[in-house]
Amino acid sequence: MLQLGDEGLYFSAVFLLVMLATRSAAGASLLTAFLYVFMVMFRFPPVPTDQASRVLRPGAPSGGVPLVARRGGCHDAPENTLAAIREASRNGASGVELDLSFTADGVPILMHDETVDRTTNGSGPVSKLHLVQLKRLDAAARHRLKDKFSVERVPTLQEAVQECIKHQLTIFFDVKGQPDKECFSLFQAALVLHEMYKKFPILYNSSIVSSFEPKVIYKMRQTDSNVVTALTHRPWRLSHFDDGTPRSLSTWGQLWTGILDILLDWAHHHILWKLCGVSAILVQKDFISLDYVQFWAERGVEVVGWTINTAVEKDYYQNLLKIGYITDSLLEDCESHY
């Protein structure tokens, strides 16, 4: 059941706003009651705290602060490859973040982008290529250290999971929808991950499923409520690209997406985390402070920062915030890879 406190304030605010808009106390009461009942009936409780702690606070270097290699550590090795996983383990990571995608024949693989152009010597959308075609590509071809790693193949999800288990690494599964078949991809990702958890039960205590899309996390909890999950969030994501430039050139476009961003941010902090029953929230580094960490700690949710790529930032996270972080490199300062 929902507890009074924050929820009481939220539903009171909804009641007042609806009443001001409709000038109907009865209507406002009915809508508020409906929202309350919806939350009570359809929310997922988070997994047990001890299970979440094993995933989010594993034995780690740097005073117990977990270090997660983004895309396997995309600055230190070709991203989302088995070589990156091995390199991350060698360099002291406690976990790796891996991007889940699907081939044209429905095989789950590791790939961040919608196309293979940036990271391999091939071209074209991932969703249009079959596994046999992807396996011919060199996933190290465009990496800065391609001479060191020679030829690397695009791994399947199972190959990556087995490699992580071998090196005792926590896995952060990052799930994205594919624009051309988003609903199918959402269901497919939840089903495939559920099967992976059943095949490798150790994952329940050594992995977490995260996404920018709340519906992905809700579907994952619906498919397997025992999986540790997290929402990924960057304020102003709908109105601005990762580098801060506006997505829309028109004033009205910027205004509208800005309003949507405000609503989405409010929903993340007051509704979506509870509805999905997440154990963590992965937040872009520029929006994290001690107060922010405390806000979520009071709600039993861990904060994980991304992308932390300089020695100064890492020191801040390890010694002041004392929370886990995701980095492109465990060896040196570097620019973020978008």
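**Note on the predicted model: helix faces, cavities and backbone outliers**

1. W236 is partly exposed, its relative accessible area being 38%. The model under discussion is a predicted one, and within it W236 sits in the loop that runs between β6 (229–233) and α10 (251–276). The backbone at W236 deserves a check, for its phi is near 70°, a positive value in a residue other than glycine. Most residues other than glycine have a negative phi, and most peptide bonds are trans.

2. R71 invites a similar check, since it is not a glycine and yet has a positive phi of about 55°. The residue belongs to the loop between β1 (67–70) and α4 (82–90). Is R71 buried or exposed? With a relative accessible area of 1%, R71 is buried, whereas W236 is partly exposed, and a colleague inspecting the two loops may wish to keep that contrast in mind.

3. Two further backbone features belong beside these. The peptide bond that joins W306 and T307 is cis, with omega at about -10°, and T307 is part of the loop between β8 (302–306) and α12 (311–321). Q168, which comes just after α7, takes a positive phi of about 55°.

4. As for the overall picture, the secondary structure of the protein consists of twelve helices and nine strands. Of the 338 residues in the protein, 51% are buried. The accessible surface amounts to about 16000 Å², and carbon and sulfur atoms account for 60% of that area. If one takes the contacts between residues at least 6 apart in sequence, 61% of them join residues at least 24 apart.

5. Helix α7 (residues 157–166) has L157, A160, V161, E163 and C164 as its buried residues. Where do these buried residues fall when α7 is seen down its axis? They fall within an arc of 165°, so they line one face of the helix. The general background is that an α-helix has 3.6 residues a turn, so residues three or four places apart point the same way.

6. E163, which is placed in helix α7, merits a separate remark as a residue whose side chain is of the charged class. Its relative accessible area is 10%, and because buried means under 20%, E163 counts as buried. Leaving aside residues up to four places away in sequence, E163 touches L82, I85 and R86.

7. In helix α11 (residues 290–297), the buried residues are Y292, V293 and W296. They cover an arc of only 100° around the axis, which puts them on the same side of α11. Which elements do the buried residues of α11 pack against? The partners are α10, β7 (280–284), β8 and α12.

8. Turning to enclosed space, rolling a probe the size of a water molecule over the atoms shows where empty space is left. Three cavities of 30 Å³ or more are counted in this model. The largest cavity holds about 60 Å³ of space, and its lining is made up of V55, L56, P58, P66, V68, S94, G95, T170, F172, V304, G324 and Y325. The elements that contribute two or more residues to that lining are α3 (49–56) and β4 (170–175). By class, the lining of the largest cavity has eight nonpolar and four polar residues, with no charged ones.

9. The second largest cavity holds about 50 Å³ of space. Its lining comprises E79, N80, T81, L110, M111, H112, T119, T120, A139, V154 and P155. How many nonpolar, polar and charged residues are found in the lining of the second largest cavity? The lining divides into five nonpolar, five polar and one charged.

10. T119, one of the residues lining the second largest cavity, is found in the loop between β3 (108–110) and α5 (131–134). At 11% relative accessibility, T119 counts as buried, the cut-off for that label being under 20%. When residues up to four places away in sequence are not counted, T119 touches E79, M111, D138, A139, A140, A141 and R142. Among the residues that line the second largest cavity are E79, M111 and A139, and these also appear among the contacts of T119.

Key. Residues numbered from 1 in each chain as written. Predicted model: local features only at pLDDT ≥ 70, side-chain atom pairs only at ≥ 80, totals over all residues. Heavy atoms only, no water. Buried < 20%, exposed > 50% of the residue type's maximum accessible area, 1.4 Å probe, protein only. Helix = DSSP H or I, 4+ residues; strand = E, 2+ residues; numbered from the N terminus. Arc of directions from axis to C-beta. Contact = heavy atoms within 4.5 Å. 1 Å grid on protein atoms, 1.4 Å probe; cavity = no way out; pocket = protein on both sides within 12 Å on 5 of 7 lines; lining within 4 Å. Points joined across faces, edges and corners; volume = space filled by probe spheres on them. Areas by Shrake-Rupley, 256 points an atom, 1.4 Å probe, with all protein chains shown as cover.
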